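Trainee: I would like to go through the labels people attach to a model like this one. Could you help me see what stands behind each of them?
Mentor: Gladly; let us look at the model together.

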Amino acid sequence: MSWKPTPASADRLRAKLDDEFETVAKPEGLRRSSDARREREAAAPAVEPDTWQRSSEQRGNARGGSRIGAASGRASGLASGRASHHAADGASSRTSSSEDEASAQDNGKPARKGPSLKMRAVGYLSRREHAREELARKLAAYAEDADEIESVLDALEKEGWLSTERFAQSLVHRRASRQGAARIVQELRQHGVDDTQVAELREQLRATEYDRALEVWKKRFDAKPEDRAVYAKQARFLASRGFAHDVIRRILGEGEDD
């Protein structure tokens, strides 16, 4: 009795054969893939570790350099912009200052520079006493107008910095040992000292005129004049110092004088 395969048994047989084929074919395929990979690696040129590291560093530096270059470019642009801005501001300030100076020169007055008008006045007064008119003349070169000077002088008098009376007393004290009443009175009037105060000071000077003139004469000459020429010379000297003629005659004698 012969066996004939049925369709179902034929299918099972083909499935079994397929399984056996796959079991045998898979390792062979894997081995072929591995062998091919090893052959490619053997054929490729070997890359040393140092070369690979340098290449990586160069790529990193290239990327970093690009970023640094871009940042430097932006920083240079900003710095250039700020420099241009400051240069423009400086030029504008110089132009404005030049215009102010030119305007001041057109008005016939120097440009306002340095200390304020009041500080200049205090500087003068700290060195010695000044009369009001004398100080006004010194400040005129730095003031815009006369009203500004008068305002400063009023403030200085109110604060006690400026006193014409104090100036007059100081001037008399400085000059009395070398000059006569006439010359001192003339200087007081030139500085604008009040006539009433001038009259009082002249009386004080006249009271000591002889003694002061005698001291001045002794410092210059050793003896009274013996002739008319010497008499005239000594008289002219005392008169030039501002001493009165009656005082000169008392010192030199009632002799022959011009």
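Trainee: Why are helix 7 and helix 8 called roughly antiparallel?
Mentor: In this predicted model, helix 7 (residues 181–190) and helix 8 (residues 195–207) pack at an angle of about 160°. Angles over 145 degrees count as roughly antiparallel, so helix 7 and helix 8 are given that label. Their axes are 10 Å apart, and the crossing is right-handed.

Trainee: Which residues of helix 7 and helix 8 meet?
Mentor: From helix 7 come Ala181, Ile184, Val185, Leu188 and Arg189, and from helix 8 come Val198, Leu201, Arg202, Leu205 and Arg206. By class, this contact has seven nonpolar, no polar and three charged residues.

Trainee: What makes Glu187 count as buried?
Mentor: Glu187, which is found in helix 7, has a relative accessibility of 16%. Buried means under 20%, so Glu187 counts as buried.

Trainee: And which residues is Glu187 in contact with, leaving aside neighbours within four places in sequence?
Mentor: Those are Leu171, Arg175 and Gln179.

Trainee: Why are helix 6 and helix 8 said to be roughly parallel?
Mentor: Helix 6 (residues 164–175) and helix 8 pack at an angle of about 25°. The label roughly parallel is for angles under 35 degrees, and therefore helix 6 and helix 8 receive it. The axes of helix 6 and helix 8 are 11 Å apart. Helix 6 passes helix 8 in a right-handed crossing.

Trainee: Which residues make that contact?
Mentor: On the helix 6 side they are Thr164, Glu165, Ala168, Gln169 and Val172, and on the helix 8 side Gln197, Leu201 and Leu205. Sorted by class, the contact has four nonpolar, three polar and one charged residues. Leu201 and Leu205 of helix 8 also appear among the residues that meet helix 7.

Trainee: Why is Gln169 called partly exposed?
Mentor: Gln169 lies in helix 6 and has a relative accessible area of 44%. Partly exposed covers what falls between the buried limit of 20% and the exposed limit of 50%, so the label fits Gln169. The C-alpha atoms of Gln169 and Glu129 are separated by 9.4 Å, although these residues are 40 residues apart along the chain.

Trainee: What makes helix 9 oblique to helix 10?
Mentor: The axes of helix 9 (residues 209–220) and helix 10 (residues 228–240) cross at roughly 130° and come within 11 Å. An angle of this kind is not over 145 degrees, nor does it fall within 65 to 115 degrees, so helix 9 is oblique to helix 10. Helix 9 passes helix 10 in a right-handed crossing. The contact is made by Ala213, Val216, Trp217 and Arg220 of helix 9 with Gln234, Phe237 and Leu238 of helix 10. By class, it has five nonpolar, one polar and one charged residues.

Trainee: How do you know that Phe221 is buried?
Mentor: Phe221 lies in the loop between helix 9 and helix 10. The relative accessible area of Phe221 is 13%; the limit for buried is under 20%, so Phe221 is buried. Not counting residues up to four places away in sequence, Phe221 touches Gln234 and Phe237. The C-alpha atoms of Phe221 and Gln234, 13 residues apart along the chain, are separated by 8.0 Å.

Trainee: Which residues of helix 3 are buried?
Mentor: In helix 3 (residues 117–127), they are Leu117, Ala121, Val122, Gly123, Tyr124 and Leu125. These buried residues pack against helix 4 (132–139) and helix 5 (146–159).

Trainee: What does the chain have in helices and strands?
Mentor: The chain has 11 helices and zero strands. Buried residues make up 25% of its 258 residues. Of the contacts with a separation of 6 or more, 59% are accounted for by residues 24 or more positions apart.

Trainee: Where does pLDDT stay under 50?
Mentor: One such stretch is residues 23–30, for which the model has zero contacts beyond four places in sequence. Another is residues 46–52, with one contact beyond four places in sequence. The mean pLDDT of the chain is 74, and 54% of its residues reach 70 or more.

Trainee: Why should I be careful where pLDDT is low?
Mentor: Because predicted coordinates should not be read in detail there.

Methods:
Residues numbered from 1 in each chain as written. Predicted model: local features only at pLDDT ≥ 70, side-chain atom pairs only at ≥ 80, totals over all residues. Heavy atoms only, no water. Axes fitted to C-alpha atoms, helices over the stretch in contact; angles between N-to-C directions. Helix = DSSP H or I, 4+ residues; strand = E, 2+ residues; numbered from the N terminus. Left-handed = near helix turned anticlockwise from the far one by under 90°. Contact = heavy atoms within 4.5 Å. Nonpolar A, V, L, I, M, F, W, Y, C, P; charged D, E, K, R; others polar. Buried < 20%, exposed > 50% of the residue type's maximum accessible area, 1.4 Å probe, protein only. pLDDT = per-residue confidence, 0-100.
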